[in-house]
Amino acid sequence: MADYSVRLYSGSYDQVSNSLLINGVGGNYAISPGEYPVGSVIPLATGLAIKVLGFSEDSVFAQFSSNSSTNPIFFLAPAATPVADIMGRSFAVEFTAGSFQITNSGEFVACFLAGTRIATPDGDVAVEDLVRGDLVLTADGRSRHILWIGRQAVAATFADPSTCYPVRIMAGALAEGVPVRDLYVSPDHALLVDDVLVQAGALVNGTTITRVEQPEERFTYYHIELEDHALVLAEGAPAETFVDNVTRRRFDNYAEYEALFGACEARLPELELPRIKSARQLPRAVRERLATRAEALGFVGAAAA
């Protein structure tokens, strides 16, 4: 049974209805997650429907029909269109005998933005230039081999800014010289701050740590997997490596992992550290210290509320 992130050939994602939107004659029509056997007719509106015609290993074929015309619709897997997901939501489709099942997992993998420099025994290296087997330095000073590197491309037009657009952590925002230059990570990527793992989105303060409002139209995230969940140095800041509490299947290059290791199963326990996922969970002492750092960097009136 396969697991894919669905990409519509012609369509989008509706945040209000939590549904796939098909671009058809006269407007957009929602298809809610559910099971759709071959031959089923899915009503969209009065006089409008799509009929499931069949599917292959990575595509679903359907026909849009209205009072005036019929048009084909294709649901494509990332192998055909390597874009991360629809509006930051991942739709998994499972193919069985005679039907396909669409589910919305809402999952997005936390990663480093391309260009992020990772510490290695031979100096800093851009994350996209690292390969399996390379050595990286962990925050505790050890040299560790890379097991695998996941890659996830994002199309800004289709991405949810709150979950997909990078967070910029200004040089020196976390401590003196940390990071050593601006660091860009996805919102759910955690860094070690005052002995706590804090996801970048929870650190946003509007001054030294901000969300990138207008990223490039297409950008790529990378994640480093070691033999265990660890902390590497990204632009000098301790940042987590991959932990499989999210699926590797969300990466565009998952097939590479599967070829090396077979079908993946959760096997990496998380670091035994508290994890902060939202701003309201951030300890006041951390917030105040980061505000003091912001003032030191020239942001007047940045004191924590």
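These legends describe close-up views of a predicted model of one protein chain.

**View 1. The whole chain, before zooming in.** The protein chain has 305 residues, and 48% of them count as buried. Its secondary structure comes to four helices and 27 strands. Many contacts join distant parts of the sequence: among contacts with a separation of 6 or more, 59% are between residues 24 or more positions apart. The chain exposes about 13700 Å². Carbon and sulfur atoms supply 51% of that area.

**View 2. The largest nonpolar core.** This core has 34 residues. Which of them touch the most other members? They are Phe112, Ile118, Ile169, Leu174 and Leu191. Helix α2, residues 200-203, gives the largest share of this core, with three residues. There is also a second, separate core of 16 residues. Its members include Tyr165, Tyr221, Tyr257 and Leu268. In soluble globular proteins, nonpolar side chains tend to be buried together.

**View 3. Leu174 and its contacts.** Leu174 is one of the core residues that touch the most other members. What does Leu174 touch, leaving out residues up to four places away in sequence? Its contacts include Ile169 and Leu191. Val193, Leu203, Ile209 and Leu290 are also among them. So are Pro179 and Ala237. Two arginines, Arg289 and Arg293, touch Leu174 as well.

**View 4. Glu225, a buried acid.** Glu225 lies in strand β24, which covers residues 218-225. Is Glu225 buried or exposed? Its relative accessible area is 0%, and the cut-off for buried is under 20%, so Glu225 is buried. Not counting residues up to four places away in sequence, Glu225 touches Arg248 and Arg267. It also touches Ile146, Leu147 and Trp148. Phe242, Tyr257 and Leu268 complete the list. Tyr257 and Leu268 also belong to the second core, the one of 16 residues.

**View 5. A salt bridge between Arg117 and Glu235.** The model has 10 salt bridges. In this one, the side chains of Arg117 and Glu235 meet at 3.1 Å, N to O. Arg117 lies in strand β14 (residues 117-120), while Glu235 sits in the loop between β25 (231-234) and β26 (237-240), so the pair ties together parts that are 118 residues apart in sequence. How do the two partners compare in exposure? Arg117 has 30% relative accessibility and counts as partly exposed. Glu235 has 1% and counts as buried, because it falls under 20%. The pair is part of a network: Arg117, Arg181 and Glu235 are linked by salt bridges. Side chains of opposite charge can pair when their charged atoms come close.

**View 6. A salt bridge within helix α4.** Where do Glu288 and Arg284 lie? Both are in helix α4, residues 284-296. They are four residues apart, about one turn of the helix. Their closest N and O atoms are 2.8 Å apart, and the two form a salt bridge. Glu288 is partly exposed, with a relative accessible area of 35%. Arg284 is partly exposed too, at 46%.

**View 7. A salt bridge between Arg142 and Asp140.** The side chains of Arg142 and Asp140 meet at 3.0 Å, N to O. Which class of exposure does each partner fall into? Arg142 has 43% relative accessibility, so it counts as partly exposed. Asp140 has 52%, which is over the 50% cut-off, so Asp140 counts as exposed.

Notes:
Residues are numbered from 1 along each chain as its sequence is written. This is a predicted model: local features need pLDDT of at least 70, side-chain atom pairs count only at pLDDT 80 or more; totals for chains, interfaces and linings use all residues. Side-chain values use heavy atoms; hydrogens and water are left out. Helices (H or I, at least four residues) and strands (E, at least two) are DSSP runs, numbered from the N terminus. Buried means under 20% relative accessible area, exposed over 50%, partly exposed in between (1.4 Å probe, protein chains only). Contact means heavy atoms within 4.5 Å. A nonpolar core is a set of buried Ala, Val, Leu, Ile, Met, Phe, Trp, Tyr and Cys residues joined through side-chain atoms within 4.5 Å. Accessible areas come from the Shrake-Rupley method with a 1.4 Å probe; for residues, only the protein chains shown count as cover. A salt bridge is a side-chain nitrogen of Lys or Arg within 4 Å of a carboxyl oxygen of Asp or Glu.
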